[in-house]
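Welcome, and please load the model in your viewer before reading on. We will go from one selection to the next and look at what is there.

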Amino acid sequence: MHAVYYELIKEDSRSGARLGKLHTPHGTFDTPMFMPVGTQATVKTLTPEELYAMKSQVILANTYHLFLRPGTKLVKAAGGVHKFMNYNRGMLTDSGGFQVFSLGAMRKITEEGVMFRSHIDGSKQMLNPEVSIAAQEDIGADIIMAFDECIPYPADHDYAKTSTERTTRWAKRCLEAKTRDDQGLFGIVQGGMYPDLRRYSVESLCQMDFAGFGIGGLSVGEPHHLMYDILGQTTEHMPKDKARYLMGVGTPDCLVESVNLGVDMFDCVYPTRVARNGTAMLPTGRLVVRNAEFHDDFRPIDEHCDCYTCRNFSRAYIRHLFKAEEILALRLLTIHNLHFLLEFSEDMRSAIREDRFPEFRNNFLANYKEKQEE
């Protein structure tokens with residue numbers, strides 16, 4: 001058995017929603033789950049204790065960033081990423097592939113891997129399956145990801161086919177390069193917006209011995225209806241006994257729709273990034289607390305939220321902090337937004353457990369969309 005494995009607890013009889021447990025060397029965690037992003041071995045502005053308080057389970061660190069700074073050998077010397085950042089629950093590292101492909105003209109893709117220039121100092125670097133796996137083994141997360149190419153949107157079928165076939169060959173190289181038995185390696189399904197390529201990718205990866213599967217190349221600029229269509233045509237071919245991780249998705253409407261299609265795990269920088277820009281996440285949509293209308297609004301961000309921020313501070317005060325450019329503003333909204341998504345994930349799990357997920361989904365989307373359209 002893999003060091004990381006998924007246990008299916010319940011399937012919803014009226015949707016694709018799944019209740020499960022993800023077993024890792026640092027604990028067993030409930031799915032569906034949202035995973036806060038700690039790109040550089042820190043969830044921006046927060047301490048591990050604050051993450052524990054909001055019932056954070058698995059969090060992410062980014063191989064590309066740690067590879068360039070401080071270097072993965074230093075993380076290894078510190079005893080691995082859990083000790084380095086003092087977080088003793090689940091950890092996942094992505095392969096660095098998405099960040100490298102985001103560099104555009106600063107990188108060159110070959111069968112060997114990707115040659116790129118560091119965004120920090122311009123130095124020439126190589127990331128490929130072997131380098132990525134070695135770096136992730138140095139970092140020491142519980143879950144590590146195969147090195148893949150994230151296909152841009154739009155992309156024609158020929159490009160997507162060539163890329164997906166290369167990602168499949170890279171996946172095999174990742175498995176061959178892996179040496180640690182205490183980490184679970186996930187393959188990543190690609191295929192662009194083409195159902196035939198998505199099916200090919202799933203079937204090819206299922207012939208290899210992965211602990212679970214990421215679903216990549218979605219939420220890259222395509223309209224939501226297309227994302228859900230391709231996602232549904234992807235998950236229907238995926239094995240039921242392995243975790244399904246939709247990479248880079250983090251708004252509640254996308255979470256509930258994707259859980260409806262059988263997804264178990266999510267991550268995204270959205271809640272922390274918009275918090276730093278003065279935006280709070282609510283069950284009805286977004287609230288831009290920096291706006292002048294909240295100058296003398298002494299209500300909490302959300303009167304129904306029990307996070308530290310909403311229990312203690314008003315919209316007026318948080319707006320004042322943003323206007324004064326105080327660091328506490330970023331922290332307070334980050335706490336609220338992550339608490340919101342983690343609690344939303346818990347609410348989805350309860351709805352699946354209690355056989356009311358379709359009703360939960362419909363009620364949420366009705367209120368969320370109605371508010372967004374106002």
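How many bridges join β1 to strand β2, and in which sense do the two strands run? Select residues 18-24 for β2 together with β1: the two run antiparallel and are joined by 6 bridges. Keep in mind during the tour that this is a predicted model.

**Stop 1: the antiparallel sheet**

Within that pair, pick E11 and look across to β2, where R18 is its bridge partner. Now add β3 to the selection. You have an open sheet of 3 strands in the order β1-β2-β3, with antiparallel pairing. β1 (5-11) and β3 (27-31) are the edge strands with a single partner each, so one side of each has no neighbour in the sheet. On average, neighbouring strands here are turned by 20° against each other, direction ignored.

Next, show helix α14 on top of this selection. This helix lies across β1, β2 and β3, and its direction makes an angle of about 120° with β2.

**Stop 2: α14 and its partner α10**

Keep α14 (residues 327-353) on screen and select α10 (residues 252-260) as well. The two helices pack at an angle of about 25°, and their axes are 11 Å apart. α10 and α14 are therefore roughly parallel to each other, and their crossing is right-handed.

To see the contact itself, show side chains in two groups:

- from α10, take P252, L255, V256 and V259;
- from α14, take F340, L341, F344, S345, M348 and I352.

Colour this contact by residue class and you will find 9 nonpolar residues, 1 polar residue and no charged ones.

**Stop 3: F357**

Where does F357 lie? Select residues 357-373, which form helix α15, and F357 is in that helix. Is F357 buried or exposed? With a relative accessible area of 0%, F357 is buried.

Setting aside residues up to four places away in sequence, F357 touches D12, S15, A17, V256, V259, N260, M348, A351 and I352. Some of these you have just had on screen: V256 and V259 are on the α10 side of the helix contact, with M348 and I352 on the α14 side. For a sense of scale, draw a distance from the C-alpha atom of F357 to that of L74: the separation is 45 Å, for two residues 283 apart along the chain.

**Stop 4: α13**

Select helix α13 (residues 315-323). Its buried residues are R315, A316, I318, R319, L321 and F322. Turn on the surroundings and you will see that α11 (270-276), β16 (285-288), α12 (308-312) and α14 are among what covers them. After α13 comes E325, which has a positive phi, near 55°.

**Stop 5: the parallel sheet**

Now for another sheet. Select its 8 strands in the order β4-β14-β13-β12-β11-β10-β6-β5; they form an open sheet with parallel pairing. The edge strands, β4 (33-35) and β5, each pair on one side only. Neighbouring strands are turned by 25° against each other on average, direction ignored.

Centre the view on β6 (residues 91-94), where both faces are covered. M91 and T93 point to one side, L92 and D94 to the other, and all are buried. This fits a general pattern: in a regular strand the side chains alternate between the two faces of the sheet.

Then look at the neighbours of β6:

- β5 (residues 59-62) pairs with β6 in the parallel sense over 4 bridges, and N62 has D94 as its bridge partner.
- β10 (residues 143-145) pairs with β6 in the parallel sense over 2 bridges. Here L92 has I143 as its bridge partner, while T93 stands opposite I144.

**Stop 6: α8 and α9**

For the last selection, take α8 (residues 195-206) and α9 (residues 224-235). Their axes come within 9 Å and cross at roughly 35°, and the crossing is right-handed. Show P195, R198 and V202 in α8, which meet I230, Q233 and T234 in α9. How do the residues of this contact divide into nonpolar, polar and charged? The split is 3 nonpolar, 2 polar and 1 charged.

Definitions and conventions. Residues are numbered from 1 along each chain as its sequence is written. This is a predicted model: local features need pLDDT of at least 70, side-chain atom pairs count only at pLDDT 80 or more; totals for chains, interfaces and linings use all residues. Side-chain values use heavy atoms; hydrogens and water are left out. Axes are lines fitted to C-alpha atoms, for helices over the stretch in contact, and angles run from 0 to 180 degrees between N-to-C directions. Angles under 35 degrees count as roughly parallel, over 145 as roughly antiparallel, 65 to 115 as roughly perpendicular and the rest as oblique. A crossing is left-handed if the near helix is turned anticlockwise from the far one by less than a right angle, and right-handed if clockwise. Contact means heavy atoms within 4.5 Å. Ala, Val, Leu, Ile, Met, Phe, Trp, Tyr, Cys and Pro count as nonpolar, Asp, Glu, Lys and Arg as charged, and the others, Gly among them, as polar. Buried means under 20% relative accessible area, exposed over 50%, partly exposed in between (1.4 Å probe, protein chains only). Two strands pair if DSSP finds at least two bridges between them.
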